[in-house]
Amino acid sequence: MNSIILASGSPRRKKLLEQINLTFRVQVSTVDEHYDPKRPPTDIVQILADRKARDIAQNTALNLVIGADTIVVYDNKILEKPKNPRQAIKMLMELSGQTHTVLTGVALYKTFEDKDPQYHHFVEQTKVTFGEIDADDISIYVKSRAPMDKAGAYGIQDDFGALFVKHIDGDYNTVVGFPLYKFYREMKNFAPEYLADNMNKG
Ligand SMILES: Cc1cn([C@H]2C[C@H](O)[C@@H](COP(=O)(O)OP(=O)(O)OP(=O)(O)O)O2)c(=O)[nH]c1=O
């Protein structure tokens with residue numbers, strides 16, 4: 001009854017929700033993540049987060065399902081996860097010395113036994129400024145393969161990725177993949193009963 005499902009395979013999202021002492025289980029959605037690149041980035045992360053949560057929500061009752069999606073936007077271009085090391089190098093060279101925006105969309109689906117789910121979503125944005133990164137450092141980082149499963153080809157939380165980041169404006173956790181600050185506030189309004197049953201504040 002009233003249990004929470006994280007519809008994400010991202011180990012970072014799992015860790016962030018564990019950090020706030022939330023009890024939940026993980027059920028990874030396998031939906032198609034294609035989108036229309038002409039849509040505004042805020043729509044794209046919202047649509048994808050929604051799709052992931054809805055996919056899991058349709059097979060459950062009396063659960064709160066959480067979906068999320070993260071993208072990097074630089075110079076009006078969307079940078080997703082790199083498809084190969086060459087693309088990772090190119091992305092990091094582009095981001096070097098510049099400011100980009102990381103957007104994370106979150107979708108919350110509350111499911112019932114006798115009626116359609118209720119849903120709520122929000123998008124958070126954090127601006128990240130990289131210092132100049134030299135080609136050697138990019139090459140070492142890409143060889144570690146750490147950038148390969150991350151939007152924009154870096155992880156602010158990585159040992160080495162952290163060294164690229166000069167400044168951020170916004171919630172750090174939005175960059176890692178889940179905006180905890182906003183999540184907690186939105187949950188208090190949308191699903192306080194799930195917080196009461198599944199969050200240990202002791
Ligand atoms: C920019 C940045 C992204 N990322 C990660 C967060 C996300 O896991 C990933 C973007 O991919 P997503 O498609 O948002 O998520 P995912 O494929 O990892 O998991 P799922 O679709 O099952 O929810 O990039 C970091 O870990 N650190 C960073 O600094």
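Below, a biologist and a modeller talk through a predicted model of a protein with a ligand.

Biologist: Let's start with Asp69. Why is aspartate 69 called buried?

Modeller: Count the neighbours: aspartate 69 has 27 other C-beta atoms within 10 Å. The cut-off for buried is 20 or more, so aspartate 69 counts as buried.

Biologist: What makes Asp69 worth a look, and where does aspartate 69 lie?

Modeller: The UniProt annotation "active site", from an unreviewed entry, covers Asp69. Aspartate 69 lies in strand β3. Leaving aside residues up to four places away in sequence, aspartate 69 touches Val45, Leu48, Ala49, Lys52, Thr104 and Gly105.

Biologist: And arginine 39, why does that one count as exposed?

Modeller: Same kind of count. Arginine 39 has 12 C-beta neighbours inside 10 Å, and exposed means 12 or fewer, so arginine 39 counts as exposed. Arginine 39 is found in the loop between β2 (25–26) and α2 (41–57). From there to glycine 97, 58 residues apart along the chain, the C-alpha atoms are separated by 27 Å.

Biologist: On to the helices. How do you know that the buried residues of α1 are on the same side?

Modeller: The buried residues of α1 (residues 11–19) are Arg12, Arg13, Leu16 and Leu17. They cover an arc of only 130° around the axis, which puts them on the same side of α1. On the other side, Pro11 and Glu18 are exposed.

Biologist: What covers the buried residues of α1?

Modeller: The cover includes β1 (3–6), β3, α5 and α6 (180–190). Just after α1, asparagine 21 takes a positive phi of about 60°.

Biologist: What makes you say that α3 has its buried residues on one face?

Modeller: In α3 (residues 85–95), the buried ones are Ala88, Met91, Leu92 and Leu95. Looking down the axis of α3, they fall within an arc of 95°, so they line one face of the helix. Among the elements covering them are β3, β4 (77–79), β5 (99–110), β6 (118–130) and α4 (135–143). Glycine 97, just after α3, has a positive phi of about 75°.

Biologist: Now the ligand. Which residues come nearest, and which elements give two or more residues to the shell?

Modeller: There are 22 residues around the ligand, and Ser8, Gly9, Ser10, Ile156 and Gly177 come nearest. The elements giving two or more residues to the shell are β3 (63–74) and α5 (172–176). β3 gives the most, with four residues.

Biologist: How does that shell divide into nonpolar, polar and charged?

Modeller: Nine nonpolar, eight polar and five charged. Watch the bookkeeping, though: glycine counts as polar in this scheme.

Biologist: Zooming out, how do you know that the radius of gyration agrees with a compact globule?

Modeller: Set the value against the rule. For 202 residues, a compact globule would have a radius of gyration near 17 Å, and the protein has 17 Å, so the two agree. The C-alpha atoms fill a box of roughly 55 × 40 × 25 Å along the principal axes.

Biologist: What share of the residues is buried, and what share of the contacts links residues 24 or more positions apart?

Modeller: Buried residues make up 37% of the 202. Of the contacts with a separation of 6 or more, 70% come from residues 24 or more positions apart.

Biologist: How many helices and strands are there, and what pattern do they follow?

Modeller: Seven helices and seven strands. Along the sequence the pattern reads β-α-β-α-β-β-α-β-β-α-β-α-α-α.

Notes:
Residues numbered from 1 in each chain as written. Predicted model: local features only at pLDDT ≥ 70, side-chain atom pairs only at ≥ 80, totals over all residues. Near = placed C-beta within 6 Å. Rg over C-alpha atoms; globule rule 2.2 N^0.38 Å. Contact = placed C-beta atoms within 7 Å. Arc of directions from axis to C-beta. UniProt positions renumbered as here; feature names shortened; annotations may be inferred.
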